[in-house]
Amino acid sequence: MISFFHHQSNFGFIKNRYKAYAFSIALLIVTIVSVILHGGLKLGVDFTGGTMMQIHFAAPVPTDQLRKALNDGGIPNTEIQKVKDTENIKNAFMIRTGLIEEKSGQEEVKPSSIGERIKTVLGQRFPENQVTIDSNETVGPKIGKELQRNAIWAVLIGCVLILIYVAFRFDFRFGVAAVVAIFHDVLCTLGFISVTNMEFNLQSVAVLLTIIGYSINDSIVVADRIRENLRKSQKETYPELINRSINETLSRTVITVVTVFLVLLALQLFAGRVLSDFTKPLLFGLVIGTYSSIFVVSALVADWELKSPTKRKK
């Protein structure tokens, strides 16, 4: 088996658990402050409803001219973002519009027709500069709210099922600690999305579910080693035994996280903007999920055991 460390490590994870608690609390405070300052998460078209298009021109067009063309064409309040040029696509823009149902002159602009309207307006304003629609997504208000509700249920149901599984497979205390760590990871990742002003969309929900799966998998590896060592040792204190168990699985944890991190880093660097909104928070979540499985789950179980000791099985 490949080992990251030449000798068995002996880091004092449990001894430093209060520093970890302080770090986690600081991360959660940053999350809360950032969400409050931003007025909530920046919800994407998936949840709010509206249209999101990616277009590109044959020749360069200044962003302010594009915005003016859309305003003059009766499509106000658009969010326009220049997309980084690639080998295949240049002069590209991402255009987002919310749920607009306003009257422009004598004509009513409906959400379902905004995509076609944008295409027509740009074709009239830039007749000698060919416009190509690369992607066009339109979500209605009812579907957006339904997706928002389903995303919340998906995360909550996932947490409950994990609690049941870990409580049945290992111990109720591990189940509770694992669910606390999951909420910790989810909230910290939401904080990262908020601080970086990224859009929270369906990709973000996939990121959260992936982080939950990774975090619980790592926690289960540590919990399994703790259970195994509990059967063998009666001399060590519970914190000492947990600390030894974490160190025994540390090499496996480091190799796993480094491998996954390198894959995600390659996607972030070379896959382009399409996957960037997925890989960036996932990179953060991978690190924070590994941290919580080492410092949060085991530390909570150790403190719980110190306050309310259970009888060890011989």
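How many bridges join strand β2 to strand β4, and in which direction do the two strands run? Select residues 50–57 for β2 and residues 92–97 for β4: six bridges join these strands, which run antiparallel. Helices (H or I, at least four residues) and strands (E, at least two) are DSSP runs here, numbered from the N terminus, and two strands pair if DSSP finds at least two bridges between them.

Before going further, note that this is a predicted model, in which local features need pLDDT of at least 70 and side-chain atom pairs count only at pLDDT 80 or more, while totals for chains, interfaces and linings use all residues. Residues are numbered from 1 along each chain as its sequence is written, and side-chain values use heavy atoms, with hydrogens and water left out.

**The whole chain**

With the whole protein chain displayed, there are 10 helices and eight strands to find. Of its 314 residues, 43% are buried, where buried means under 20% relative accessible area, exposed means over 50%, and partly exposed lies in between (1.4 Å probe, protein chains only). The chain exposes about 17,300 Å², of which carbon and sulfur atoms supply 62%; accessible areas come from the Shrake-Rupley method with a 1.4 Å probe, and for residues only the protein chains shown count as cover.

**The four-stranded sheet**

Return to β2 and β4 and add their partners, which gives an open sheet of four strands in the order β3-β4-β2-β7, with antiparallel pairing. The edge strands are β3 (79–83) and β7 (131–139), each of which pairs on one side only. Neighbouring strands of this sheet are turned by 15° against each other on average, direction ignored; axes are lines fitted to C-alpha atoms, for helices over the stretch in contact, and angles run from 0 to 180 degrees between N-to-C directions.

To check the register between β2 and β4, select M52, which stands opposite R96 in β4, and then T51, which stands opposite T97 in β4. On the β3 side, five bridges join β3 to β4, and these strands also run antiparallel; here V83 stands opposite A92 in β4.

Now keep β4 alone in view and ask: are its residues buried or exposed? Six of the six residues of β4 are buried, so the strand is largely enclosed by the rest of the structure. In a regular strand the side chains alternate between the two faces of the sheet. Both faces of β4 are covered, with A92, M94 and R96 buried on one side and F93, I95 and T97 buried on the other.

Next select helix α4 (residues 114–125), which lies across β2, β4 and β7 and runs at about 30° to β2; contact means heavy atoms within 4.5 Å.

**The nonpolar surface patch**

Move to the surface and select I152, W153, L156, I157, V160, L161, I164, F183 and L187, which form a nonpolar patch with about 850 Å² of accessible area together. Patches are made of residues with over 30% relative accessible area and no salt bridge, with like charges joined within 9 Å and nonpolar side chains (Val, Leu, Ile, Met, Phe, Trp, Tyr) within 5 Å. Helices α5 (141–169) and α6 (172–195) each supply at least two residues of this patch, and α5 gives the most, with seven; W153 is found in α5.

**Salt bridges between α7 and α8**

A search of the whole structure finds eight salt bridges, each being a side-chain nitrogen of Lys or Arg within 4 Å of a carboxyl oxygen of Asp or Glu. Begin with R252 and D218, whose closest N and O atoms are 3.1 Å apart. R252 lies in helix α8 (residues 238–270) and D218 in helix α7 (residues 202–232), so this pair ties together parts that are 34 residues apart in sequence. R252 counts as partly exposed at 26% relative accessibility, whereas D218 counts as buried at 2%.

Then select E248 and R225, whose side chains meet in a salt bridge (3.1 Å, N to O). E248 lies in helix α8 and R225 in helix α7, so the pair ties together parts that are 23 residues apart in sequence. E248 is partly exposed at 25% relative accessibility, and R225 is partly exposed with a relative accessible area of 26%.

E248 also meets the side chain of R244 in a salt bridge (2.8 Å, N to O). R244 and E248 are four residues apart in helix α8, and therefore separated by about one helical turn.

As a last stop, select K68, D72 and R125, which are linked in a network of salt bridges.
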